[in-house]
Amino acid sequence: MSDALTLTAAVDRLADRFRSMPQSRLRGAVPGHPSRAAAALALARGLAATALRLEGEPARELPDAGDFAVGDQLAVAGHDLAAATADPRVLAEAVAEVVALGDLVA
């Protein structure tokens, strides 16, 4: 499986977990973040920022669209990054971040 496909598969699995979480779980605190939703938003923002930088676009912050949107935001940001680069180091780092978040919010 290519590095980009590995990233999109990992981010899709995690995004689906967030999409199916009840509000009480999304709002539950995890180490380093006030909530699971905040942790997902932070990762989505990081993935999006990396994609923008690699595409030569100006930096801009992914907006907070609410707890129930973080799954979609995570998926879009991950797919954007996978489309922005073929660099295996960048993609492997992104996969590691996605897996780490999955472990954190389990």
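Before anything else, a word on helices: helices (H or I, at least four residues) and strands (E, at least two) are DSSP runs, and they are numbered from the N terminus. The second of our pockets, to which I will come, draws at least two lining residues from each of α3 and α5.

What you see above is a predicted model, in which local features need pLDDT of at least 70 and side-chain atom pairs count only at pLDDT 80 or more, while totals for chains, interfaces and linings use all residues. Residues are numbered from 1 along each chain as its sequence is written, and side-chain values use heavy atoms, with hydrogens and water left out.

Let me begin with the core. A nonpolar core is a set of buried Ala, Val, Leu, Ile, Met, Phe, Trp, Tyr and Cys residues joined through side-chain atoms within 4.5 Å, and buried here means under 20% relative accessible area, with exposed being over 50% and partly exposed in between, using a 1.4 Å probe and protein chains only. The largest such core has 28 residues, and those touching the most other members are Leu7, Phe18, Leu47, Leu74, Val98 and Leu101. Two or more residues come from each of α1 (3-20), α3 (36-54), α4 (70-84) and α5 (88-104), and α3 provides the largest share, with nine residues.

To picture one of these residues, take Leu74, and remember that contact means heavy atoms within 4.5 Å. If we leave aside neighbours within four places in sequence, Leu74 is in contact with Val11, Leu14, Ala15, Phe18, Ala40, Leu43, Ala44 and Leu47.

Now let us stay with α3 for a while. The expected span of a helix is 1.5 Å times one less than its number of residues, so the 19 residues of α3 should span 27 Å, and its end C-alpha atoms are indeed 27 Å apart, which agrees. The buried residues of α3 include Arg36, Ala40, Leu43, Leu47 and Thr50, and what covers the buried residues of this helix includes α1, α2 (23-26), α4 and α5. Just after α3, Gly56 takes a positive phi of about 75 degrees.

Next come the pockets, which need a careful definition. On a 1 Å grid over the protein atoms alone, a pocket is an open set of points where a 1.4 Å probe fits, with protein on both sides within 12 Å along at least five of seven lines, and a lining residue has an atom within 4 Å of a point. Grid points are joined across faces, edges and corners, and a volume is the space filled by probe spheres set on the points.

How much space lies in the largest pocket? About 190 Å³ lies there, and the residues lining the largest pocket include Ala48, Leu52, Arg60, Pro63, Gln73 and Asp80. The elements giving two or more residues to that lining are α3 and α4, and the largest share, four residues, comes from α4. For classes, Ala, Val, Leu, Ile, Met, Phe, Trp, Tyr, Cys and Pro count as nonpolar, Asp, Glu, Lys and Arg as charged, and the others, Gly among them, as polar; by that scheme, the lining of the largest pocket has seven nonpolar, one polar and four charged residues.

One lining residue of the largest pocket, Arg60, is found in the loop between α3 and α4, and it counts as exposed because its relative accessibility is 53%. Although Arg60 and Ala49 are 11 residues apart in sequence, their C-alpha atoms are 7.3 Å apart in space.

The second largest pocket holds about 160 Å³ of space, and α3 gives the most to its lining, with six residues. By class, this second lining has six nonpolar, two polar and four charged residues.

Among the residues lining the second largest pocket is Glu97, which lies in helix α5. Glu97 has a relative accessible area of 33%, and so it is partly exposed. Again leaving aside neighbours within four places in sequence, Glu97 is in contact with Leu43 and Leu47, and the C-alpha atoms of Glu97 and Leu43, 54 residues apart along the chain, are separated by 7.5 Å.

I will finish with two residues outside the helices. Is Val105, in the segment after α5, buried or exposed? Val105 counts as buried, because its relative accessibility is 0%, and its contacts beyond four places in sequence include Leu14, Phe18, Met21 and Arg36. Gly32, by contrast, is found in the loop between α2 and α3, and with a relative accessible area of 77% Gly32 is exposed.
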